[in-house]
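Trainee: Could you take me through one part of this model closely? I would like to look at the nonpolar core, and then at what lies outside it.

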Amino acid sequence: MPAIWTNDGDRWKLTQPDGFPDKATLHQLIEDTPSMLPLAGSPDLVILDSEVQLGTGYADLLAVETTGRPVLIEAKLASNAEARRAVVAQLLAYAACLHEMTATQLEEGPLHRRLHSDGHARILDAVLAHDQEGAVNADDFNAALEAHLAEGRFRLVLVLDDAPAELVALVAYLEHIASELQIDLITVSA
């Protein structure tokens, strides 16, 4: 992780990271710059929508990798009691809702408003608009997206300003036993 140094006039010293003033600031940072997340495998993410209703809750961000794997992102401040264990249950509940959908159901349901306001009819359109290198094959993407949804193979991303040890242990355990899920636990400081 890169360090930021400041000079107080007499000497250089390492600047200590600050937390975020509120969850909305952290949420917006992720939505605006998903590429800053150090995700395993360094996938290219396309943010599809924020505050996406899945079941009775709202996922902070729903994205997709350019390979077709859906990505659920939940941001929490460590000061929030849900940053311990509840955030994992929350993400798993959203994943269970996605698992019951086809790409068409997702496009015509929870993502309909945002896709159309961005000028896209389908998830593929949003991905192709993001793909500046022309590396995405439409048929391969659509087939992969449908397979990931049908088989429940998702990336779950937890972003916090500080991760409690209890959460680190829980995520490590889930990563170990759940081969169909890629779980990333990331801490970000300002």
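Mentor: First, a term. Contact here means heavy atoms within 4.5 Å. Keep in mind that this is a predicted model.

Start with Leu98. Setting aside neighbours within four places in sequence, Leu98 is in contact with Leu54, Leu62, Pro70, Leu72, Leu106, Leu149 and Phe154. Now place Leu98 in its setting. The largest nonpolar core has 38 residues. Leu98 is among those with the most contacts inside this core, together with Leu54, Leu72 and Ile123.

Which elements give two or more residues to this core? Three are strands: β3 (45-54), β4 (57-65) and β6 (155-160). The others are helices: α2 (86-99), α3 (103-108), α5 (123-130), α6 (138-151) and α7 (165-177). Helix α2 gives the most, with seven residues.

A second core lies apart from this one. It has 16 residues, including Leu26, Ile47, Leu61 and Leu77.

Now take Glu31. It lies in helix α1, residues 23-32. Is Glu31 buried or exposed? Its relative accessibility is 16%, so Glu31 counts as buried; the cut-off for buried is under 20%. Leaving out neighbours within four places in sequence, Glu31 is in contact with Ile47, Ser50, Leu61 and Arg114. Two of these, Ile47 and Leu61, are named among the residues of the 16-residue core. With Arg114 there is also a polar contact, side chain to side chain, at 3.4 Å.

Next, Ala144. This residue lies in helix α6, one of the elements that give two or more residues to the largest core. Ala144 is buried because its relative accessible area is 18%, against a cut-off of under 20%. Not counting residues up to four places away in sequence, Ala144 touches Thr67 and Gly68. For a sense of separation, take Gln28. The C-alpha atoms of Ala144 and Gln28 are separated by 28 Å. Along the chain, the two residues are 116 residues apart.

Last, the surface. Which residues make the nonpolar surface patch of about 380 Å²? They are Trp5, Trp12 and Leu14. Leu14 sits in strand β2, residues 12-14. Its relative accessibility is 40%, so Leu14 counts as partly exposed. Partly exposed runs between the buried limit of 20% and the exposed limit of 50%.

To recap: Leu98 is one of the most-contacted residues inside the largest core, Glu31 is buried in terms of accessibility, and Leu14 belongs to the surface patch.

Technical notes: Residues numbered from 1 in each chain as written. Predicted model: local features only at pLDDT ≥ 70, side-chain atom pairs only at ≥ 80, totals over all residues. Heavy atoms only, no water. Core = buried A, V, L, I, M, F, W, Y, C linked by side-chain atoms within 4.5 Å. Buried < 20%, exposed > 50% of the residue type's maximum accessible area, 1.4 Å probe, protein only. Helix = DSSP H or I, 4+ residues; strand = E, 2+ residues; numbered from the N terminus. Patch = residues over 30% accessible without salt bridge, like charges linked within 9 Å, V, L, I, M, F, W, Y side chains within 5 Å. Areas by Shrake-Rupley, 256 points an atom, 1.4 Å probe, with all protein chains shown as cover. Salt bridge = Lys/Arg side-chain N within 4 Å of Asp/Glu carboxyl O. Polar contact = N/O pair within 3.5 Å; in protein donor to acceptor, adjacent residues only side chain to side chain.
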